[in-house]
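Good morning, and thank you for making time for this presentation. I would ask you to keep the sequence and the structure in view while I speak.

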Amino acid sequence: MGSVYNWQIGRSMEFPHGQASPEEQFAFVININRCIGCQTCTMACKSTWTFSKGQEHMWWTNVETKPSGGYPKHWDVKTLDKLSEANPEGMTWAESEAKGRRNPYGEYQGRTIFEAPDTVARGGSPNRVLGYLPADEEWGSPNIFEDTPSHGPSAPMDFGKGEELDDQGSKHKAWFFYLARLCNHCSYPACVAACPRTAIYKRPEDGVVLVDQSECRGYRKCVEACPYKKVMYRGTTRTSEKCIACYPRIEGNDPEAPGVPLETRCMAACIGQVRMQGLVKVDEDNVWINDRYNPLYYLIHVARVALPLYPQFGTEPNGYYIPPRWVPIAYLEQMFGPDVEAAIARYRNPDRELLAVLQLFRRSNQIIARYDIEEGPKVYETERFGEKFEMYNDTIIGFNRAGDEIIRTQVEEPVFVRPAKHANSI
């Protein structure tokens, strides 16, 4: 077992393979506060990649309702239970004196799924990764518990019993939110670590995790190891398949816009404007290199409103989420780590730059590599949560990799008033 550095948990950790990093890393941010659970992303992926025989149960992208839903059923609860069993002394985070790119959330003090596989070994021999193999029936309901809220002490996974305050200061006794998921294309993928045939690999050019179908023999070790359960077994071919990050689009080979890197199908289809995707530069330890005006770098390392999904697993996922404002903090900290409360506070009362960057979500099918802001006049001022809030009608401009301007939009949306004589006409 080797040692690698994981910046999301703020320390080195055990991993079956040596330290390695791609030239760039595929990553994305999803704003949970905007997701309406329409499943447009789900069907865009399904109609593109998993419409064939043997793929009926495959939903490489899905939107599940938390706290009760999940695909496969209870994937996160079961993984957390096993990780808790492997950490009898608890899974805590220690504050770091100086937080930076290498340890923005402090230091995770528990064991990761790579450091505790022996606690749940099967057949008397230790596994490389802590995990479990879902039963067939757990793949049978991709959208079970849709819109099912947590509403009392007896509800499943009821955290806080509705004691958190919403934006208006009132208490929610019932709450739920939509969690849009796809493969996180982790920096330290559990599927890669577990495969006995090294059939799964990360592409050196962009960090996309792929399965070599010619090498796979369908042992399902990858399915068992992935804590997010985003590798799926196909019975008709007896091989595993997974999200490929629509890599022809990322490479610029999609006929929609030849030569231009495009967002994936699930990202481009989103009608709620909840998603942003791109490529980020990383160093030899997979720590993000300072790229101040890359919108992903800004949201994660500067504004720090987007957080990784279950960082305690240790995979260093490259999928990030802006947490929902109305959900109990205890539940969100378990899901996104210790920086949740601060991230929500920053999102609730955004500064001038954050408010502008949030306008870039889903404004173009092309990947936005850089942004610039042209300052505009102040248009609104108030007090939010005891703090001063000012809104400026700034113009934010997005550029693609070639440096071409692809989007220009303003913070304040225009208002059109229909003339009185046409008030009821179309």
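In what order do the four strands of the open sheet lie? The order is β12-β3-β14-β13, and the pairing is mixed. Please bear in mind throughout that this is a predicted model. At the edges of the sheet are β12, residues 275-281, and β13, residues 307-308, each of which pairs on one side only. Strand β3, residues 24-31, runs parallel to strand β14, residues 319-322, and four bridges join the two. One residue to locate here is Ile-30, whose bridge partner in β14 is Tyr-321.

I turn next to helix α7, residues 295-302. Seven of its eight residues are buried, so the helix is largely enclosed by the rest of the structure. Those buried residues are Pro-295, Leu-296, Tyr-297, Tyr-298, Leu-299, Ile-300 and His-301. Against what do the buried residues of α7 pack? They pack against three strands of the sheet just described, β3, β12 and β14, and also against α10 and β15, the latter being residues 370-374. The N-terminal end of α7 is capped by Asn-294, which places a side-chain oxygen 2.9 Å from the backbone nitrogen of Leu-296. After the helix comes Arg-304, with a positive phi near 55°.

Leu-299 of this helix leads us to the nonpolar core. The largest such core has 115 residues, and those touching the most other members are Val-29, Phe-114, Phe-177, Trp-288, Leu-299, Leu-309 and Phe-336. Domain 1 and domain 2 each supply at least three residues to this core. Phe-177 may serve as an example of the packing: beyond four places in sequence, its contacts include Ile-32, Pro-324, Trp-326, Val-327, Tyr-331, Leu-332 and Met-335. Phe-177 also touches Glu-64, Thr-65 and Lys-66.

How does the assignment divide the protein into domains? It gives domain 1 as residues 2-351 and domain 2 as residues 354-410. The contact between them takes 36 residues from domain 1 and 23 residues from domain 2. Their centres, taken over C-alpha atoms, are separated by 27 Å.

Now to the charged pairs. How many salt bridges does the structure hold? There are 27. In one of them, Glu-24 meets Arg-401, with the closest N and O atoms 2.6 Å apart. This pair links distant parts of the chain, since Glu-24 belongs to strand β3 while Arg-401 sits in the loop between β18, residues 395-399, and β19, residues 405-410; the two are 377 residues apart. Glu-24 is buried, at a relative accessible area of 14%, whereas Arg-401 is partly exposed, at 47%.

Another salt bridge joins the side chains of Arg-352 and Asp-394, at 2.7 Å from N to O. Arg-352 lies in helix α10, residues 352-357, and Asp-394 in the loop between β17, residues 387-392, and β18, so the pair ties together parts that are 42 residues apart in sequence. Is each partner buried or partly exposed? Arg-352 counts as partly exposed, with 27% relative accessibility, and Asp-394 counts as buried, with 2%.

Glu-390 and Lys-388 form a further salt bridge, at 3.1 Å from N to O. Here Glu-390 is partly exposed, with a relative accessible area of 24%, and Lys-388 is exposed, with 56%. Elsewhere, salt bridges that share partners join Glu-64, Lys-66, Asp-76 and Arg-181 into one network.

Lys-66 also brings us to the backbone geometry. A cis peptide bond joins Lys-66 to Pro-67, with omega about 20°, and another joins Tyr-71 to Pro-72, with omega about -5°. Pro-67 lies in the loop between β4, residues 62-66, and α2, and Pro-72 is likewise placed in the loop between β4 and α2. In helix α2 itself, residues 75-86, we find Thr-79. Thr-79 counts as buried at 4% relative accessibility, and its contacts beyond four places in sequence are Leu-130, Tyr-132, Pro-227 and Phe-313.

Finally, two residues other than glycine deserve a look for their positive phi. Ala-245 has phi near 60° and is found in the loop between β11, residues 239-242, and α5, residues 247-250; it is buried, at a relative accessible area of 2%. Phe-385 has phi near 55° and is found in the loop between β16, residues 378-384, and β17. With a relative accessible area of 43%, Phe-385 is partly exposed.

Notes: Residues numbered from 1 in each chain as written. Predicted model: local features only at pLDDT ≥ 70, side-chain atom pairs only at ≥ 80, totals over all residues. Heavy atoms only, no water. Core = buried A, V, L, I, M, F, W, Y, C linked by side-chain atoms within 4.5 Å. Buried < 20%, exposed > 50% of the residue type's maximum accessible area, 1.4 Å probe, protein only. Domains from an automatic or database assignment. Contact = heavy atoms within 4.5 Å. Pairing = 2+ DSSP bridges. Salt bridge = Lys/Arg side-chain N within 4 Å of Asp/Glu carboxyl O. Polar contact = N/O pair within 3.5 Å; in protein donor to acceptor, adjacent residues only side chain to side chain.
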